[in-house]
Amino acid sequence: MVIAKQNSNWKKTLQLLSTKIDNHTFESFFEDLTLSSMDDNQATLIVPSPLAKQFFSLKSDTSSMLLNAINQVFDSHLKKISFLTNEESNALKKSVETNVRPRENSNVKTTFFSNCKINKNYTFDNFVVGECNREAVRASLLVANNPATAYNPLFIYSKSGLGKTHLLHAIANYYLEKHPKANVLYITTDAFIDEFVKYCKGNQEDISMREFFQDVDLLLVDDIQFLSDKTKTAEMFFYIFSSLINNGRQIVLTSDRQPSDLRGLEERLVSRFYMGLTVKMNTPTTDTLIEILNRKIIYRGLDIKLFDQDGLAFMAEKFSHNVRELEGALNRLLFALSSNENKYISLDDVKDTFSFLKGIQDSKKKVNEDDIISVVGEYYHFDNESIKSKDRRAQVAIARRVSMYLCRAMLSSSFTEIGKIFKRDHSTVITAVKKVEKEIKINNEMLNAVNDLKKRIKAL
Ligand code: ADP
Ligand code: MG
């Protein structure tokens, strides 16, 4: 099997397992497993520690779950897995391609931050651009093309799960494509704090931390908000930051808030964060989220035609605040349906998968959207076709809005689904539903009508 294909299947296997196993166990024993080799009969895996080897040898049910997952993803019929520790597999390990960009080319000595690697999977190519992040992507590309010229530092902030870490790695990958020998360092602020503490304890005598940073051409620092209240570490950071900027090296920082909201950080550091360019990323719109889902599905090598777009729209609406959670939801969906590989994934399948979420009705519900329209029609004296039509008379428009509102409130139908029924786009539906929501707060007559209608629909 081609190595790239093998790697992508292995990644899929881990993704599959991550949805099956609790987070803690997964992170402790599975996340760092690598596939060393595979023949017709068995797979050889490299475990991160002797403890992990022991874990798998003792837990036969976990090993067989692993074996099943491999057979499922690789479409194989292996009977056995063997586990080797790093030492045991030293010779083999060299031949295993990983998804992590090695630092051998770089002159940066690996005395510090040996765990902070650049993830090749996070690129500009697979980052979906929408209004929410256009400015941040543009600035990141500018910086990756011409570091340390216009915007230094570049400071990107947003709520969690909106792509900050992805963008930092994208900048690193892009720059390294053009300058393979450059010293690009991606670090998390947590790692910086840990390294600084270790350094102060005197474990790194051979090279000073300041010297280490002198060679860095491009420094990417993730989640700088964690520097708050770490006075001594922040002082070291200030020194490193200033000397890199003074020496014409680019710095990109991310944070979950804007610099002025970083409490417990010295003013001189905060003001330096503003020296370059500060950009905010916002929550993506439903359309952008749907596009992200599409791209993630294609990126995994799956056939997008097997996914009902209404199902994806449904997920985008349910997991609208955080792309990481949306990705988790996609993992859950793929896992739930993974036993049947080439099956079409319909809106009902999606709803079934997420039926545990509050407000999502069983897809085999008795009442459907047309039933609701009939009840509303009867109430306002219009037939279903007029309610769905383009008729703009005020009373028909009210009946239409109320129908949309009730479909949303009682069936949790997605805006896109409702839009299809009324032959309108989902933003029109959102406006209509919001209008009714507003009206029932201030208009008693409307509130009574809606309550009355709900009772009638429940009685169906
Ligand atoms: P943050 O660092 O802001 O918390 P991450 O960069 O870790 O967020 O993003 C969380 C997940 O969402 C990642 O897997 C990332 O690839 C994905 N993601 C976020 N925004 C986008 C986007 N616009 N296009 C593609 N993937 C995205
Ligand atoms: Mg992050």
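Which domains does the domain assignment of the chain give? The assignment, which is of the automatic or database kind, gives domain 1 (2-89), domain 2 (115-280), domain 3 (286-363) and domain 4 (369-458). This is a predicted model, in which local features need pLDDT of at least 70 and side-chain atom pairs count only at pLDDT 80 or more, while totals for chains, interfaces and linings use all residues. Residues are numbered from 1 along each chain as its sequence is written, chains are lettered from A and ligands numbered from 1 in the order in which they are written, and side-chain values use heavy atoms, with hydrogens and water left out.

**Overall build**

- The chain holds 21 helices and 10 strands, where helices (H or I, at least four residues) and strands (E, at least two) are DSSP runs numbered from the N terminus.
- The C-alpha trace of the chain spans about 85 × 60 × 35 Å along its principal axes, and the centres of domain 1 and domain 2, taken over C-alpha atoms, are separated by 34 Å.
- Of the 460 residues of the chain, 49% count as buried, a term that means under 20% relative accessible area, with exposed meaning over 50% and partly exposed lying in between (1.4 Å probe, protein chains only).

**Surroundings of ligand 1**

- Ligand 1 lies between domain 2 (115-280) and domain 3 (286-363), because both of these domains give residues to the shell around it.
- There are 18 residues around ligand 1, of which Val128, Gly161, His166, Arg324 and Glu327 come nearest; a residue is counted here if one of its heavy atoms lies within 4 Å of the ligand.
- Helices α7 (164-178), α12 (286-299) and α14 (323-336) each supply at least two residues of this shell.
- By class, the shell has six nonpolar, seven polar and five charged residues, with Ala, Val, Leu, Ile, Met, Phe, Trp, Tyr, Cys and Pro counted as nonpolar, Asp, Glu, Lys and Arg as charged, and the others, Gly among them, as polar.
- An N or O atom in the side chain of Glu327 is 2.3 Å from an oxygen atom of ligand 1, and backbone N or O atoms also approach oxygen atoms of the ligand, at 2.6 Å for Gly161 and at 3.0 Å for Gly163.
- Ligand 1 has 550 Å² of accessible area on its own, and the protein covers 94% of that area, with accessible areas taken from the Shrake-Rupley method with a 1.4 Å probe.

**Helix α18 and the residue that follows**

- Helix α18 (residues 394-411) has 18 residues and reaches 25 Å from its first C-alpha to its last, which is close to the 26 Å expected at 1.5 Å a residue; the expected span is 1.5 Å times one less than the number of residues.
- This helix is mostly covered, with 14 of its 18 residues buried.
- Just after α18, Ser412 takes a positive phi of about 55° although it is not a glycine, and this residue sits in the loop between α18 and α19 (415-422).
- Ser412 is buried, since its relative accessible area is 10%.

**Other backbone features**

- His381, in the loop between α16 (369-380) and α17 (384-388), also has a positive phi, near 65°, in a residue other than glycine.
- His381 counts as exposed because its relative accessibility is 69%.
- The peptide bond from Asn152 to Pro153 is cis, with omega near 5°, and Pro153 lies in the loop between α6 (134-145) and β6 (154-157).

Key:
Polar contact = N/O pair within 3.5 Å; in protein donor to acceptor, adjacent residues only side chain to side chain.
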